[in-house]
Amino acid sequence: MVGATDPDAVIGKSIYPLITPEHRERFRRFNENVCHGYKGSLEFDIVGLHGTRRHMEIHGAPLRDRDDTILHLGVARDVTESKRAEEALRRSEKLAAVGRLAATVAHEINNPLESVTNLLYLAKKDPSLGIDTLQHLLLADQELERVAQVARQTLGFYRDTTNPSRLNVAKAVDELLGVYGYRLRNREITVTKAMDSSVTVFASSGEFRQVFSNLILNAIDAMTANRGKIWIKVRGAHDWRDGRRGVRVTIADNGCGIGPEHMPRIFDSFYTTKQDIGTGLGLWLVRNILQKHHGRIHVRSRSNRGKSGTAFTVFWPDSNEASISLPGAKAS
Amino acid sequence: MKSAPFILVVDDEPVVAGSLVQILESEGYRAAAESDGLSAIQRAEQDHPDLLICDVIMPGVDGIEAARRIMKLCPRTRTILFSGRSAAGLLQHASDKGFRFDVMMKPVKPADLLGAIRRLLEIEPYARAV
């Protein structure tokens with residue numbers, strides 16, 4: 001529980017130093033109550049002898065001896081794992097509910113979007129249009145594309161899961177870089193790739209593209225000046241926690257970095273630092289898709305002037321691990 | 001002279017179907033709209049369209065079932081499915097029966113749709129689905 005290998009490390013020692021500071025006062029009051037004759041229970045956190053945080057539950061009851069002196073009987077147990085499982089279940093239920101809602105709303109939003117897109121296309125083709133009206137329609141079309149983009153990002157979460165297939169990761173990333181080729185060239189951004197071209201993963205291409213297009217776009221948007229640099233690394237990997245096989249993709253940039261004040265909230269929905277161009281949904285969506293597939297995302301960032309940059313590392317587990325190939329030829 | 005390809009558009013949203021018919025006609029295709037799967041099957045049996053553009057989620061006979069039946073009735077008809085939401089269950093069911101479809105997600109840009117139509121009608125004359 002506390003990670004002691006030798007009984008002498010704990011026998012006769014006070015538990016208070018192990019209790020996390022925010023829970024110490026509550027623990028003290030709980031003990032006092034029991035010593036005054038009340039029984040009860042309490043949940044609190046400890047940090048064990050080796051620095052591991054555990055979630056504990058204690059039940060305490062007063063025992064009276066013949067002299068009516070109250071003794072404290074306490075039974076504590078480690079509930080870390082059951083709390084974790086409970087939280088995972090709550091999260092998956094929440095995700096399922098969001099998915100159902102998104103699917104329903106998607107249908108209601110995307111049909112009128114389709115109609116308006118078509119009608120604007122028809123209106124723009126009218127040869128009798130004045131130049132001003134045409135400009136208005138072109139602008140309306142651009143604005144509509146923004147709506148469609150938000151709808152795709154938010155409501156597309158459960159989309160395109162139709163035909164998961166075995167994807168070549170390096171090829172998929174290259175295709176995405178092709179899509180953003182114009183933006184990269186326009187801003188003179190250099191992309192350096194170190195991609196194992198043999199790594200494949202069984203995934204829905206739509207979800208895969210959504211995750212990495214968001215990360216690549218963020219890297220592009222992080223460039224405050226032209227001639228920035230982006231590094232992309234793709235390699236077969238194992239999850240260090242449970243040994244699952246999959247692919248690890250790192251997308252790093254030397255852009256402006258993420259300030260420490262923003263870091264705790266970057267995966268929140270509708271949180272953006274890109275005032276004019278951000279929806280605040282990209283990283284939220286990335287995290288949700290990865291959670292759905294039991295993947296992981298890790299971010300490191302520095303916003304110091306002259307040394308700034310961000311690196312996102314994604315681990316995408318392979319659901320059909322028999323056919324992932326590790327390792328293979330390096331492509332660049 | 002060879003007549004323009006005939007395209008059957010099926011969508012239970014009349015504005016979607018109607019505007020698509022107009023776009024297709026403006027590009028020189030012959031086009032007609034139906035608003036449900038059953039009417040689409042009857043129309044296809046009668047007119048043998050070169051291409052079917054069909055919404056997936058519709059009341060009654062859904063788009064995948066309609067497309068499957070039309071493919072049996074008119075083997076030369078190519079198919080484009082489009083949908084406003086994921087239809088994973090329906091697609092899996094069709095796939096289990098040997099019909100594999102991919103779906104364009106709404107809103108589909110008309111230029112993208114016209115590109116897909118051209119590819120199916122001109123470059124891959126015997127392809128049956130995109």
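This report describes a predicted model with chains A and B, moving from the overall make-up of each chain to a nonpolar core, a buried aspartate and a set of salt bridges.

## Chain A in outline

In chain A the secondary structure comes to seven helices and 11 strands, and buried residues make up 38% of its 332 residues. Among the contacts in chain A with a separation of 6 or more, 65% are accounted for by residues 24 or more positions apart. The chain exposes about 19000 Å², of which carbon and sulfur atoms supply 54%.

## Chain B in outline

Chain B has a secondary structure of five helices and five strands, and, when read along the sequence, these elements follow the pattern β-α-β-α-β-α-β-α-β-α. Of the 130 residues in chain B, 51% are buried. Residues 24 or more positions apart account for 71% of the contacts in this chain with a separation of 6 or more, while the area that chain B exposes is about 6000 Å², with 50% of it supplied by carbon and sulfur atoms.

## The largest nonpolar core

The largest nonpolar core has 43 residues, and those with the most contacts inside it are Val169(A), Phe208(A), Phe212(A), Ile230(A), Ile251(A) and Trp316(A). The elements of chain A that give two or more residues to this core include the helices α4 (169–179), α6 (205–221) and α7 (282–292), together with the strands β6 (200–203), β7 (229–238), β8 (245–253) and β10 (309–317). The largest share, eight residues, comes from α6(A).

Ile230(A), one of the residues with the most contacts inside the core, gives a view of the surroundings of a single core position. Leaving aside residues up to four places away in sequence, Ile230(A) touches Leu184(A), Ile189(A), Thr190(A), Val191(A) and Thr192(A), among others. Its further contacts include Ala219(A), Ile220(A) and Met223(A), as well as Ile251(A), Ala252(A) and Asp253(A). Of these partners, Ile251(A) is itself listed among the residues with the most contacts inside the core.

## A buried aspartate before helix α3 of chain B

Asp62(B) lies in the loop between β3 (51–55) and α3 (63–73) of chain B. This residue is buried yet has no salt bridge, and the nearest side chain of opposite charge, that of Arg68(B), is 7.5 Å away. That distance does not qualify as a salt bridge because the nitrogen and the carboxyl oxygen would have to be within 4 Å.

What does the side chain of Asp62(B) reach at 2.9 Å? One such partner is the backbone nitrogen of Glu65(B), at 2.9 Å, and the backbone nitrogen of Ile64(B) likewise lies 2.9 Å from a polar atom of the Asp62(B) side chain. In the case of Ile64(B), the atom concerned is a side-chain oxygen of Asp62(B), and the contact is made at the start of α3(B). The buried residues of this helix are Gly63(B), Ile64(B), Ala66(B), Ala67(B), Arg68(B), Ile70(B) and Met71(B), a list that holds both Ile64(B), a contact partner of Asp62(B), and Arg68(B), the nearest oppositely charged side chain.

## Salt bridges

Side chains of opposite charge can pair when their charged atoms come close. Over all chains, the structure holds 26 salt bridges. In chain B, the side chains of Glu34(B) and Arg43(B) meet in one of them, at 3.2 Å from N to O. Here Glu34(B) is buried, with a relative accessible area of 17%, whereas Arg43(B) counts as partly exposed at 24%. In chain A, salt bridges that share partners join Glu25(A), Arg28(A), Arg29(A) and Glu32(A) into one network.

Within that network, the side chains of Arg28(A) and Glu25(A) meet at 2.5 Å, N to O; both residues lie in helix α1 (residues 21–35) of chain A, three residues apart, which is about one turn of the helix. The side chain of Arg29(A) also meets that of Glu25(A) in a salt bridge, at 3.7 Å, N to O, and, because Arg29(A) and Glu25(A) are four residues apart in helix α1 of chain A, about one helical turn separates them. These three residues each count as partly exposed, with a relative accessibility of 33% for Arg28(A), 37% for Glu25(A) and 43% for Arg29(A).

Methods: Residues are numbered from 1 along each chain as its sequence is written. Chains are lettered from A and ligands numbered from 1 in the order in which they are written. This is a predicted model: local features need pLDDT of at least 70, side-chain atom pairs count only at pLDDT 80 or more; totals for chains, interfaces and linings use all residues. Side-chain values use heavy atoms; hydrogens and water are left out. Buried means under 20% relative accessible area, exposed over 50%, partly exposed in between (1.4 Å probe, protein chains only). Lys and Arg count as positive and Asp and Glu as negative; His and the chain ends are not counted. A polar contact is a pair of N or O atoms within 3.5 Å; within protein, one must be able to donate a hydrogen and the other to accept it, and residues adjacent in sequence count only if both atoms are side-chain atoms. A nonpolar core is a set of buried Ala, Val, Leu, Ile, Met, Phe, Trp, Tyr and Cys residues joined through side-chain atoms within 4.5 Å. Contact means heavy atoms within 4.5 Å. Accessible areas come from the Shrake-Rupley method with a 1.4 Å probe; for residues, only the protein chains shown count as cover.
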